[in-house]
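User: Please go through the disulfides, the free cysteines and the internal space of this protein with me. I would like short answers with the cut-offs stated.

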Amino acid sequence: NNSDLSPPSFILASIPGLEAAHVWMAILLCSVYLLAVTGNCAVLFIVKTEPSLHLPMYFFLCMLATIDLALSTSTVPRVLSFYWFNTREISFGACLVQLFLIHTLSAIESTVLLAMAVDRYVAICHPLRHAAILTNATTAKIGLVAMARGVVFFLPLPLLLLPLPFCGSRVLSHSFCLHQDVMNLACANTTPSVVYGLTAILLVMGLDAILICLSYVLILKAVLQLASWKERLKAFSTCVAHICVVLAFYVPLIGLSVVHRFGKDLAPLVHIIMGNVYILVPAVAHPIIYGVRTKVIQRRILNLIHLYNP
């Protein structure tokens, strides 16, 4: 029976009773997506064309912008086609590719955030050695390591799902594919997939979060040793943008994990909103945060606005 094998498709989640509002939901989602694309493309353009921003911190910011563009683009267009054209089905292969991209890109982003925390630690605690330690070549190597780390840890996720039979419901909890969501639909023993998925998340996102917290403990210790409060505030203010970016990434990630683990009885609307928040909030927030905190980026954005609106 073919229904006991890998299914030809899954059904993306919809909100019961709100089918008539799909067009308006699509308009809202498309507007947020375009804002994310515009903001991140602006960051990439400004950093590329502004020599004073050719520093490790802004190269890491460019990595974040690229990841956010890839992550949102791997999900939002498919969700928009669902809302606009009611194409709820997604093939098994496309679903596996999508969940691989989502989890891998999230892991890469987590690693880049850790690298940015290390950059802030070196800049504050060892300022004289900062330029020697974090060179452009080192920054590029960190980016390659982040990419390799994400692929190595999360490539097994779709491979573990590939042989599983799916003979029951094929309706997902979100309007895109996530590992745990797909795994819960399998009608077989999923213990290896559960154990590996949890291990990968703990060894990547969990470990990164611990190391980021540790770096800020060391930064705070060094800042408190400065002579005056004015110097302390000035030193710590260089970390504010990064702290906000970390929160914009980890808070939706933790929220989505909590909903998956303990929110099985929650309304479908909660799952769909949390999924979209996880995908879009970091992509929108990151360029806004660094745009507000970086005067050079502010000035270039204002110049671009003046150029196109004389």
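The questions and answers below deal with cysteines, one loop residue, a cavity and annotated spans.

Analyst: This is a predicted model, in which local features need pLDDT of at least 70 and side-chain atom pairs count only at pLDDT 80 or more, while totals for chains, interfaces and linings use all residues. Residues are numbered from 1 along each chain as its sequence is written, and side-chain values use heavy atoms, with hydrogens and water left out.

User: How many disulfides does the structure hold, and what pattern do they follow?

Analyst: A disulfide is a pair of cysteine sulfur atoms within 2.5 Å. By that criterion the structure holds 2 disulfides. With bonded cysteines counted along the chain, the pattern is 1-3, 2-4.

User: Which cysteine is joined to Cys95, and what is the handedness of the disulfide?

Analyst: The S to S distance between Cys95 and Cys177 is 2.0 Å, and a disulfide joins them. The pair links distant parts of the chain, 82 residues apart: Cys95 is in helix H4 (residues 92-125) and Cys177 in the loop between helix H7 (156-161) and H8, where helices are DSSP runs of H or I with at least four residues, strands are runs of E with at least two, and both are numbered from the N terminus. Both cysteines are buried (under 20% relative accessible area; exposed is over 50%, partly exposed in between, with a 1.4 Å probe and protein chains only). The torsion about the S-S bond is about -120°, so the disulfide of Cys95 and Cys177 is left-handed.

User: Are Cys167 and Cys187, which form a disulfide, buried or partly exposed?

Analyst: The sulfur atoms of Cys167 and Cys187 are 2.0 Å apart. Cys167 sits in the loop between H7 and H8 and Cys187 in the loop between H8 and H9, 20 residues apart. Relative accessibility is 39% for Cys167 and 35% for Cys187. Cys167 and Cys187 therefore count as partly exposed.

User: Why is Cys41 not bonded to Cys62?

Analyst: Cys41 is partly exposed, at 37% relative accessibility. The closest cysteine sulfur to that of Cys41 is in Cys62, and it is too far for a bond, at 11 Å.

User: Where does Thr190 lie, and which residues does Thr190 touch?

Analyst: Thr190 lies in the loop between helix H8 (179-183) and helix H9 (191-224). Its relative accessibility is 17%, so Thr190 counts as buried. Contact means heavy atoms within 4.5 Å. Not counting residues up to four places away in sequence, Thr190 touches Leu164 and Met183.

User: Which helix gives the largest share of the lining of the largest cavity?

Analyst: On a 1 Å grid over the protein atoms alone, a cavity is a set of points where a 1.4 Å probe fits but cannot get out, and lining residues have an atom within 4 Å of a point. The lining consists of Leu29, Thr75, Val76, Val79, Phe176, Asn276, Ile279 and Leu280. Helix H3 (76-85) and helix H12 (268-293) are the elements that give two or more residues to this lining. The largest share, 3 residues, comes from H12.

User: How far apart are the end C-alpha atoms of residues 269-292?

Analyst: The UniProt annotation "transmembrane region", from an unreviewed entry, covers several spans, including 269-292; such annotations may be inferred rather than shown by experiment. Over residues 269-292 the chain is 100% helix and 0% strand, and the end C-alpha atoms are apart by 32 Å.

Conventions:
1 Å grid on protein atoms, 1.4 Å probe; cavity = no way out; pocket = protein on both sides within 12 Å on 5 of 7 lines; lining within 4 Å.
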